[in-house]
Amino acid sequence: MGSAGLGLGIIGCGQISHWHLQAGREDDRATWVAACDVRAEAVAERADEFDIPGRYTRVGDLLADPAVDAVVVATGPEAHVEPTVAAFEAGKHVLVEKPVAITADDVRAMLDAQGELVGACCSSRFRSTDAARAATEMIASGELGPVRRLVCQVLQAPPDEYDGTSPFYLHRPNWGGQGVLADWSCYDLDYLLGLCGWAYEPELVMAETSGVPEHFRAIAEPVNDVEVRVGAQARMTGGVTLHYQRAMFAAVEETRGQWRIECENGALDLNMVPGAPQAVATRFGQAPEVLVNDSYEWGEIHQGPVANFIDAIVDGATPMTTLRNALIVQRLTDAIYESARVGQAVTAGE
Ligand SMILES: NC(=O)c1ccc[n+]([C@@H]2O[C@H](COP(=O)([O-])OP(=O)(O)OC[C@H]3O[C@@H](n4cnc5c(N)ncnc54)[C@H](O)[C@@H]3O)[C@@H](O)[C@H]2O)c1
């Protein structure tokens with residue numbers, strides 16, 4: 001670590017990099033010392049904006065810069081594994097954007113290269129909120145009794161007029177050839193499993209996925225026919241079950257979402273995204289208790305992973321989502337894709 005604190009490098013200077021660079025700039029323990037993108041103009045734009053001295057178009061050159069202690073990998077998911085493994089091999093700590101990778105094998109390759117370095121994933125993003133902290137404490141306290149069921153159901157109303165930009169994975173075939181499951185399941189699953197202290201792992205998964213509903217195909221005109229709807233059930237270790245549903249084109253007037261942890265003596269109802277209330281605890285025989293009412297702003301969640309990454313390097317804190325935790329999420333995601341593909345229940349691997 002140099003005199004200016006922890007030297008940070010960013011790999012991938014696209015949309016999300018702005019949030020990382022801003023979050024790092026607000027932390028006086030670290031300094032952005034290098035930026036890399038295969039597109040020189042993207043590097044120049046971000047480096048000028050954030051006054052970053054090291055400017056590279058090859059990952060290897062950034063990793064050879066002795067001022068770099070740690071990197072944020074903010075490329076698309078199909079390009080996470082190579083820079084992450086190379087960064088570990090060069091002795092740099094790594095924070096990887098979400099989804100951590102395209103397959104669990106990619107995450108295993110990252111883990112094989114990690115050694116004693118810090119490795120973390122941004123799928124923790126939604127657990128930096130007050131509601132997530134309150135829920136984590138309540139589950140850890142055991143007050144609600146053993147966890148029985150993890151439930152997530154998000155039904156998103158289709159756009160009235162399709163503007164041709166969202167969901168973006170319909171237009172970006174290089175985005176791992178994956179859709180809403182890869183894009184959002186990592187957040188939903190990280191949220192529910194992380195709130196439970198990463199105590200549960202998948203055993204058996206039964207799932208189905210489907211593409212843009214017939215009614216919308218004319219307006220959506222996907223070039224990349226990926227899943228926009230997913231439904232899954234999983235048997236987890238510890239006798240816990242997971243019920244998961246997410247749809248970008250759902251037959252609802254208004255978008256609605258539910259994230260719920262059911263325990264033996266009560267349940268927690270949570271709102272992972274902005275909206276009120278954020279967290280409500282219901283104990284059998286008692287009136288519901290609002291743990292956190294006030295919402296948060298979307299921008300706030302981007303600070304969490306970077307601050308937590310710096311905590312882990314500087315103070316030895318455990319990252320909210322380690323790469324080993326991210327592997328649990330990716331194993332579930334892989335098993336959901338596999339079960340949907342073969343039309344049968346599948347085991348989730350090690
Ligand atoms: N955009 C968002 O709002 C958002 C929000 C949360 C998370 N994310 C995640 O962040 C990641 C990046 O998303 P984005 O929207 O910023 O994508 P983007 O396409 O805007 O940016 C990715 C950048 O990486 C560069 N790149 C690709 N391969 C590279 C390589 N091998 N070496 C160096 N640079 C390379 C591209 O040129 C591009 O500039 C994804 O994993 C995404 O899921 C994005």
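**Helix 2, its packing, and the wider fold**

On one face of helix 2 (residues 40-50), Glu41 and Asp48 are exposed. The model behind this picture is a predicted one. The other side of helix 2 tells the opposite story: its buried residues are Val43, Arg46 and Ala47. These three cover an arc of only 100° around the axis, which means they sit on the same side of helix 2. That kind of spacing fits a simple rule: an α-helix has 3.6 residues a turn, so residues three or four places apart point the same way. What do the buried residues of helix 2 pack against? Their partners are helix 1 (17-25), strand 2 (30-36) and strand 3 (54-56). Just after helix 2 comes Asp51, which takes a positive phi of about 55°.

Zooming out, the protein splits into domain 1 (6-125) and domain 2, the latter made up of 126-302 + 329-347. Taken over C-alpha atoms, the centres of domain 1 and domain 2 are 27 Å apart. Where the two touch, domain 1 puts in 16 residues and domain 2 puts in 18. On the domain 1 side of this contact, helix 1 and helix 5 (104-114) are the elements that give two or more residues. Sorted by class, that side of domain 1 has 9 nonpolar, 4 polar and 3 charged residues. Helix 1 therefore turns up twice, once as a packing partner for the buried residues of helix 2 and once on the side of domain 1 that touches domain 2.

Next, the strands. Strand 12 (residues 266-270) has 4 of its 5 residues buried, so the rest of the structure largely encloses it. It pairs on one hand with strand 11 (residues 256-263), antiparallel and over 4 bridges. Only 2 residues lie between strand 11 and strand 12, and the two form a hairpin. Within this pairing, Trp259 has Leu270 of strand 12 as its bridge partner. Strand 12 also runs antiparallel to strand 13 (residues 279-283), and 5 bridges join these two. Here Asp269 stands opposite Val280 in strand 13. As for side chains, those in a regular strand alternate between the two faces of the sheet.

Finally, the ligand. Around it are 19 residues, of which Gly12, Gly14, Gln15, Ile16 and Glu97 come nearest. The shell as a whole breaks down into 10 nonpolar, 5 polar and 4 charged residues.

Methods
Residues numbered from 1 in each chain as written. Predicted model: local features only at pLDDT ≥ 70, side-chain atom pairs only at ≥ 80, totals over all residues. Buried ≥ 20, exposed ≤ 12 C-beta atoms within 10 Å, placed from the backbone. Pairing = 2+ DSSP bridges. Near = placed C-beta within 6 Å. Nonpolar A, V, L, I, M, F, W, Y, C, P; charged D, E, K, R; others polar. Arc of directions from axis to C-beta. Contact = placed C-beta atoms within 7 Å. Domains from an automatic or database assignment.
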